[in-house]
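Me: Could you walk me through how this protein is put together on the inside? I'd like to follow the reasoning step by step.

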Amino acid sequence: MFTILVANPKGGAGKSTLSTNIAGMLASTKQRVVIMDLDKQQSATNWLSRRPGMLPKIMSWNEQTDMEELRTFAPQWMVIDTHARLRRADRTYLLSRANCVLVPVNPSVFDIEATAKFLIKLHADPNVQSGKVAIGMVGSRTDSRTRMAQELNNFFKRSGLPVVMFVPDSVVYPQCARDGVSIYDLPASRTENQIEAWLPLVNWIREQLNRSRTAGVPETAVDVAVQPGVVQIA
Ligand SMILES: Nc1ncnc2c1ncn2[C@@H]1O[C@H](COP(=O)(O)OP(=O)(O)O)[C@@H](O)[C@H]1O
Ligand SMILES: [Mg+2]
C-alpha cells in the first residue's frame with residue numbers, strides 16, 4: 001500500500017478534511033483505499049459510516065476493523081489521518097511506514113508557529129533525512145486574496161518544502177464531511193473550482209508514487225502495517 005501520512009500538531013488544521021478528500025479522490029479513480037484513523041474523535045471513521053453505499057468503497061482501519069475483510073479488500077493505498085498529539089515514538093514509527101507526508105496548515109500565526117516546530121522534528125527524522133519520505137505543505141481553507149494567505153505562503157517558502165496546494169475556504173468541505181462524500185463524489189457543476197484547485201495535489205501524489213517506485217522504496221503490506229494499538233490513538 002502506498003502510504004500517505006497526514007499530520008499537523010494543531011487541531012482543526014484540516015487533517016481529516018485532507019485525508020477524506022484524498023481517499024475520495026483515489027476511490028473515484030477505482031483505487032482501493034483504506035483510511036487508518038488514529039484520532040479517537042474518529043472523524044474519518046464516522047465520515048465513512050455516512051458514506052452512501054453506491055459510492056466506491058473506502059475502508060476505515062481502526063480497532064474494530066475485521067482484518068480478514070481488510071485483507072480481502074486488498075487496499076492499494078493507505079491514508080493515515082492522525083491526531084494533534086502524536087508522540088515522538090509514534091511519529092518515528094509512522095514515518096518508517098509512510099511513503100510521503102502532507103502537512104496541512106491554517107493561515108493563522110498560531111498554526112504557523114506550531115507547524116514550524118513540528119517541521120523541525122520532521123526534518124530530524126532519519127526517514128525524512130534519507131529522502132525516503134517526501135514532505136508536502138498544504139494551505140488549509142485559504143482565501144488567496146487575504147494577507148494571512150500571503151504570510152502562509154511566505155512561511156512555506158522559508159521552509160524550503162514544496163507547496164503542494166492551497167485548499168480554498170469553501171462551505172463544500174463541511175458539507176462533504178456531513179454527507180460522507182468527497183468533492184470527487186459531487187456533481188461537477190458544484191465542485192469545478194475545487195477540482196481544479198486539487199489538481200496540483202493529485203499530480204504531487206502521482207509524482208511521489210513514481211519517485212518511490214523508481215527508487216524501489218518498499219510499501220507497507222496489510223499484515224505488517226501500522227496496527228491501531230501499536231500507535232497510540234489519542
Ligand atoms: N477548506 C475548508 N473550507 C472550509 N472549512 C474547512 C476547510 N477545511 C476544513 N474545514 C473545516 O474546519 C474544521 C476542521 O477541519 P478538520 O479537517 O476536522 O481538521 P483536523 O482533522 O486537523 O482537526 C472542520 O469543521 C472542517 O469541516
Ligand atoms: Mg481530524
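Here are some questions and answers about this predicted model.

Me: Which helix gives the most residues to the largest nonpolar core?
Reply: Happy to start there! The largest nonpolar core has 59 residues, and Val33, Ile35, Val79 and Val101 have the most contacts inside it. The element that gives the most to this core, with 6 residues, is helix 1 (residues 15-28).

Me: Is strand 4 (residues 77-81) largely enclosed or open?
Reply: Let's look at its two sides. Trp77, Val79 and Asp81 on one side are buried, and so are Met78 and Ile80 on the other. Since 5 of the 5 residues are buried, strand 4 is largely enclosed.

Me: In which sense do strand 1 (residues 2-6) and strand 2 (residues 33-37) pair with strand 4?
Reply: Strand 1 and strand 4 pair over 5 bridges, with Ile4 opposite Val79. Strand 2 and strand 4 also pair over 5 bridges, and there Asp37 stands opposite Asp81. For both pairings the sense is parallel.

Me: Within what arc do the buried residues of helix 5 fall, seen down its axis?
Reply: The buried residues of helix 5 are Asp111, Ile112, Thr115, Leu119 and Leu122. They line one face of the helix, because they fall within an arc of 90°.

Me: How far apart are the end C-alpha atoms of helix 5 (residues 109-123)?
Reply: Here's a nice check you can do by hand. At 1.5 Å a residue, the 15 residues of helix 5 should span 21 Å. The model agrees, as the distance between the end C-alpha atoms is 21 Å.

Conventions: Residues numbered from 1 in each chain as written. Chains lettered and ligands numbered in written order. Predicted model: local features only at pLDDT ≥ 70, side-chain atom pairs only at ≥ 80, totals over all residues. Core = buried A, V, L, I, M, F, W, Y, C linked by C-beta atoms within 7 Å. Buried ≥ 20, exposed ≤ 12 C-beta atoms within 10 Å, placed from the backbone. Helix = DSSP H or I, 4+ residues; strand = E, 2+ residues; numbered from the N terminus. Expected span 1.5 Å × (residues − 1). Arc of directions from axis to C-beta. Pairing = 2+ DSSP bridges.
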